[in-house]
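Biologist: Could you take me through the sheet in this one, strand by strand? I'd like a close look at how the pieces pair up and what sits against them.

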Amino acid sequence: MYYYKFRVYYDEIEDFVRDVEILANDNFESFHKLLYECIGLKGNEFAAFSICDPKWNKQKEITLMDTADDELIEEPEYEDEDQYTTKTHLPKFVMAEAVLKDFISDPHQHIMYEYDFMNPKVFYIELQKVLKTDSAEDFPRCIYKMMELPAQVTAAPIPDPDDLDLDFDDDEEEDDGLFGDAFDDEDLSEFNEFSDFS
């Protein structure tokens, strides 16, 4: 039996690192749980993995829920000089059904882990090693941590309704409009829209 050792980076925080290990025949849902626990995320937001090429171009997307269209989507092709891509029509898979070993095609496989699409956090994952294991070892696991996420990054604060100023001052005078009380419909009685401005 084999397991993967991955290193996880977060560009927003210098020196942020997580080293994690997971069995090759485990699925991406387990990988997702391992990541949000060892990174320090709440785990209650939508998340997705993207399998990338060496230039971080997305090749496949693996989500918590099935978001794929019914039509068959071919794997995208990129020009050699492309450094980035904004292509959205990627083959899609579901984490619970996607086994890691079926998506690892490079000795230094690149994977993006995107968490909370309303307040996006993107983690970059690179395969470090493929190692043999015996049945006595416990997986998945985090074996190294460096730096922590600030509290405001782990989850967007939910406003307390009691703190919101939604009261209106009943004593305020009502807006009388542009002309106030002086305006009357009879003021327009002598106005001719066709001749007065010609």
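**A close look at the sheet**

Modeller: Let's start in the middle of things: S6 and S7 run antiparallel and are joined by six bridges. One of the pairs to look for is Tyr113, whose bridge partner in S7 is Phe123. The two strands form a hairpin with five residues between them, and there Asp116 takes a positive phi near 65°. Keep in mind that this is a predicted model.

Now move outward from that hairpin. On one side, S6 (residues 110-115) pairs with S3 (residues 47-52), again in the antiparallel sense and over six bridges. If you want a residue to anchor your view, take Ala47, which has Tyr115 of S6 as its bridge partner. On the other side, S7 pairs with S1, also antiparallel, this time over eight bridges. Arg7 is a handy marker here, as its bridge partner in S7 is Glu126.

Put the neighbours together and you get an open sheet of eight strands, ordered S5-S4-S3-S6-S7-S1-S2-S8, with mixed pairing. The edges are held by S5 (92-94) and S8 (141-146); each has a single partner strand, so one side of each is left without a neighbour in the sheet. Going from one strand to the next, the twist averages 25°.

Then there's the helix that sits against all this. H1, residues 28-39, packs on the sheet and touches S1 (2-9), S2 (17-23), S3, S4 (58-63), S6, S7 (121-132) and S8. Its direction makes about 150° with that of S2.

It helps to set the sheet in the chain as a whole. The protein has two helices and eight strands, and from the N terminus on they run β-β-α-β-β-β-β-β-β-α. Compare that with the strand order in the sheet, where S1 lies between S7 and S2.

A few totals for the whole protein round this off. Among contacts with a separation of 6 or more, 65% are between residues 24 or more positions apart. Of the 198 residues, 33% are buried. The accessible surface comes to about 13900 Å², and carbon and sulfur atoms account for 47% of that.

Definitions and conventions. Residues numbered from 1 in each chain as written. Predicted model: local features only at pLDDT ≥ 70, side-chain atom pairs only at ≥ 80, totals over all residues. Heavy atoms only, no water. Helix = DSSP H or I, 4+ residues; strand = E, 2+ residues; numbered from the N terminus. Buried < 20%, exposed > 50% of the residue type's maximum accessible area, 1.4 Å probe, protein only. Contact = heavy atoms within 4.5 Å. Areas by Shrake-Rupley, 256 points an atom, 1.4 Å probe, with all protein chains shown as cover. Pairing = 2+ DSSP bridges. Axes fitted to C-alpha atoms, helices over the stretch in contact; angles between N-to-C directions.
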